[in-house]
Amino acid sequence: MANSFDVTWDYLCPFARNAHEHLVEGLRAGADWDVNFRFFSLAQAHLSEDSPPVWDDPTSHVGVLAGLAGIVVREKKADRFLDAHAGLFRARHDQSLDLRDRQAVSGALDAIGLDGADVVEEALSGWPADMARAEHEEAVQRWEVFGVPTFISGERAVFVRLMSRPAGDAKLAESTIDKVVDLMDGFADLNEYKFTKIPR
């Protein structure tokens, strides 16, 4: 039986990039996971209470437009989601592109064979923002999610920081995610486990 879990993402966070590259690499190699990718906006999470929500003006808040584009691909072209997901992370973290820029987002999607302009237009059509808001708000209200990546299984939610990328190693990717999920599901008494410093 497949491991079933949700994982939050926002293309802004390098730790989300690391975890999602492990997820993408493992899934492409046939890992036995049933993953629900859930958008969580860091821009929205860090807004002051009296500010208008980011969903009202996605191109004014870094990461939101790209997140909405990811939702469009996830919902309308699910077989291309992993490619688009990896491509949008690359645009931010390998190419240092501004994900508020429509051309940057559409170009990242063009590069993996999608019609980027079409996806961006759909991303700004209204329904992706409604879906993003619903996913974000449920994550906050139900699981008290505050960041990305957060792994969710049932009523358990765990914020995770993985320090390394899989670098094309599918076995490493699969074992890394399996360890995260096994710890979440199998050792609920562990609330926090964090190294005080990382040897480099």
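This is a short walk through the fold of one protein chain, from its sheet out to its helices and a few individual residues.

Hi everyone, thanks for coming. Please keep in mind as we go that this is a predicted model.

Let's start with the sheet. It is open and has four strands, in the order β2-β1-β3-β4, with mixed pairing. The edge positions belong to β2, residues 33-39, and β4, residues 156-159; each has a single partner strand, so one side of each is left without a neighbour in the sheet. From one strand to the next, the twist averages 25 degrees.

Now the pairings. As a reminder, strands of a sheet pair through backbone hydrogen bonds, either parallel or antiparallel. Which sense do we have between β1 and β2? Those two run parallel, and seven bridges join them. If you want one pair to click on, take W9, whose bridge partner in β2 is F39. To get from β1 to β2, the chain passes through helix α1, residues 14-28, and this β-α-β crossover is right-handed.

Over on the other side, β3, residues 150-153, pairs with β4 in the antiparallel sense, over four bridges. A good example here is I152, which has A157 in β4 as its bridge partner. β3 and β4 form a hairpin with two residues between them, and G154 in that turn has a positive phi of about 65 degrees.

What sits on the sheet? Helix α3, residues 64-76, packs on it and touches β1 and β2; the direction of α3 makes about 140 degrees with that of β2. Then there is helix α8, residues 170-186, which lies across β1, β2, β3 and β4 and runs at about 55 degrees to β3. As for β2, that strand is mostly covered, with five of its seven residues buried.

A nice residue for seeing how α8 meets the sheet is M184, which lies in that helix. Is M184 buried or exposed? Its relative accessible area is 5%, so M184 is buried, the cut-off being under 20%. Setting aside neighbours within four places in sequence, M184 is in contact with F151, I152, S153, R156 and V158. With F151, the separation is 33 residues in sequence and 8.3 Å in space, C-alpha to C-alpha.

Let's move to a helix pair. Two packed helices are described by the angle between their axes and the distance between the axes. For α3 and α7, the latter being residues 127-143, the axes come within 9 Å and cross at roughly 100 degrees. That angle falls in the range from 65 to 115 degrees, so α3 is roughly perpendicular to α7. On the α3 side, the contact is made by L68, I71, V72, R74, E75 and K76, and on the α7 side by W127, P128, A129, M131, A132 and E135. By class, this contact has eight nonpolar, no polar and four charged residues.

Next, a residue I'd like you to look at: H85, in helix α4. H85 counts as buried because its relative accessibility is 0%. Which residues surround it? Leaving aside neighbours within four places in sequence, H85 is in contact with W9, Y11, H20, V24 and F37. So you meet W9 again here, the residue whose bridge partner is F39. For a sense of distance, H85 and N36 are 49 residues apart in sequence and 13 Å apart in space, C-alpha to C-alpha.

Last topic, and one for those of you who like checking backbone geometry. Most residues other than glycine have a negative phi, and most peptide bonds are trans. Where does this model depart from that? The peptide bond from V148 to P149 is cis, with omega near -5 degrees, and P149 is found in the loop between α7 and β3. S96 has a positive phi of about 55 degrees although it is not a glycine. That residue, S96, is in the loop between α4 and α5, and S96 is exposed, with a relative accessible area of 61%. A167 also has a positive phi of about 55 degrees without being a glycine. You will find A167 in the loop between β4 and α8, where A167 counts as exposed at 76% relative accessibility.

That's my tour. Happy to rotate the model and take questions!

Conventions
Residues numbered from 1 in each chain as written. Predicted model: local features only at pLDDT ≥ 70, side-chain atom pairs only at ≥ 80, totals over all residues. Heavy atoms only, no water. Pairing = 2+ DSSP bridges. Axes fitted to C-alpha atoms, helices over the stretch in contact; angles between N-to-C directions. Contact = heavy atoms within 4.5 Å. Buried < 20%, exposed > 50% of the residue type's maximum accessible area, 1.4 Å probe, protein only. Right-handed = clockwise from strand over helix to strand, strands pointing away. Parallel < 35°, antiparallel > 145°, perpendicular 65-115°, else oblique. Nonpolar A, V, L, I, M, F, W, Y, C, P; charged D, E, K, R; others polar.
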